[in-house]
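Hi there,

Here is the structure I promised to pass on. Have a look at it first, and then read my notes underneath.

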Amino acid sequence: VAHHAMGLVQTALKDYDAAQENLEEAIDLWIELQNVFEHASALQALGYLYGLKGEIPAARNLLNRALRLCVDELPPIPLRETLRKNIQDSIDELPG
């Protein structure tokens, strides 16, 4: 949990290398804990970060993975649609 939160804060502070490291750690943890919602959320955060860094193909790949997780594997919980919309908005903001 802390890695995910730190990665979000570091992204906002433009400490992109530290943010990437923490978000990658968070993804590994969410996979281990089998928490699909947080896994998709962390993938979205990492994809957004890659977009900020100008690494558009990697950003698109991560965001599409997050979207597939959200749509295909997440049960219909109340926050699912909010997460799906946030991921789609991130995809739509990418150039090209």
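Below is what I found, going from the whole chain down to single residues.

Before anything else, please keep in mind that this is a predicted model.

**The overall fold**

Let's start with the big picture. The protein chain has five helices and zero strands, so if you walk along the sequence you get the pattern α-α-α-α-α. How compact is the protein chain for its length? Its radius of gyration is 12 Å, and the globule rule gives 12 Å for 96 residues, so the chain is as compact as a globular protein of that length. If you want to picture the dimensions, the C-alpha trace spans about 35 × 30 × 20 Å along its principal axes. As for what is hidden inside, 39% of the 96 residues count as buried.

**Salt bridges**

Next, the charged pairs. Side chains of opposite charge can pair when their charged atoms come close. How many salt bridges does a search of the whole structure find? The search turns up three.

Two of them belong to helix 5, which covers residues 80-93. In one, Arg-84 pairs with Glu-81, and the closest N and O atoms are 2.6 Å apart. Why are these two about one helical turn from each other? It is because they sit three residues apart in helix 5. Both partners are partly exposed: Arg-84 has a relative accessible area of 27%, and Glu-81 has 48%.

In the other helix 5 pair, the side chains of Lys-85 and Asp-89 meet at 2.9 Å, N to O. Here the partners are four residues apart in the helix, so about one helical turn separates them too. Lys-85 is partly exposed at 45%, and Asp-89 is partly exposed at 29%.

The remaining salt bridge joins Lys-53 and Glu-55, with 3.7 Å between the closest N and O atoms. Lys-53 counts as partly exposed, with 26% relative accessibility, and Glu-55 is also partly exposed, at 34%.

**A negative patch**

Now turn to the surface. Which residues form a negative surface patch? They are Asp-15, Asp-17, Glu-21, Glu-24, Glu-25, Asp-28 and Glu-32. Take Asp-28 as an example: you will find it in helix 2, which runs over residues 16-32. Is Asp-28 buried, partly exposed or exposed? With a relative accessible area of 48%, Asp-28 is partly exposed, because exposed would take over 50% and buried would take under 20%.

**Two loop residues to look at**

Finally, two backbone details. Lys-14 has a phi near 65°, which is a positive value in a residue other than glycine. Where is Lys-14 found? It is in the loop between helix 1 (2-12) and helix 2. Lys-14 counts as exposed, with 62% relative accessibility.

Gln-34 also has a positive phi without being a glycine, and its value is near 55°. This residue lies in the loop between helix 2 and helix 3 (36-52). Gln-34 is exposed as well, at 70% relative accessible area. If you find helix 2 in the viewer, you can look for Lys-14 in the loop that joins it to helix 1 and for Gln-34 in the loop that joins it to helix 3.

Happy exploring!

Terms used: Residues are numbered from 1 along each chain as its sequence is written. This is a predicted model: local features need pLDDT of at least 70, side-chain atom pairs count only at pLDDT 80 or more; totals for chains, interfaces and linings use all residues. Side-chain values use heavy atoms; hydrogens and water are left out. Patches are made of residues with over 30% relative accessible area and no salt bridge: like charges are joined within 9 Å, nonpolar side chains (Val, Leu, Ile, Met, Phe, Trp, Tyr) within 5 Å. Accessible areas come from the Shrake-Rupley method with a 1.4 Å probe; for residues, only the protein chains shown count as cover. A salt bridge is a side-chain nitrogen of Lys or Arg within 4 Å of a carboxyl oxygen of Asp or Glu. Lys and Arg count as positive and Asp and Glu as negative; His and the chain ends are not counted. The place of a charge is taken as NZ of Lys, CZ of Arg, CG of Asp or CD of Glu. Buried means under 20% relative accessible area, exposed over 50%, partly exposed in between (1.4 Å probe, protein chains only). The radius of gyration is taken over C-alpha atoms; the globule rule is 2.2 Å times the number of residues to the power 0.38.
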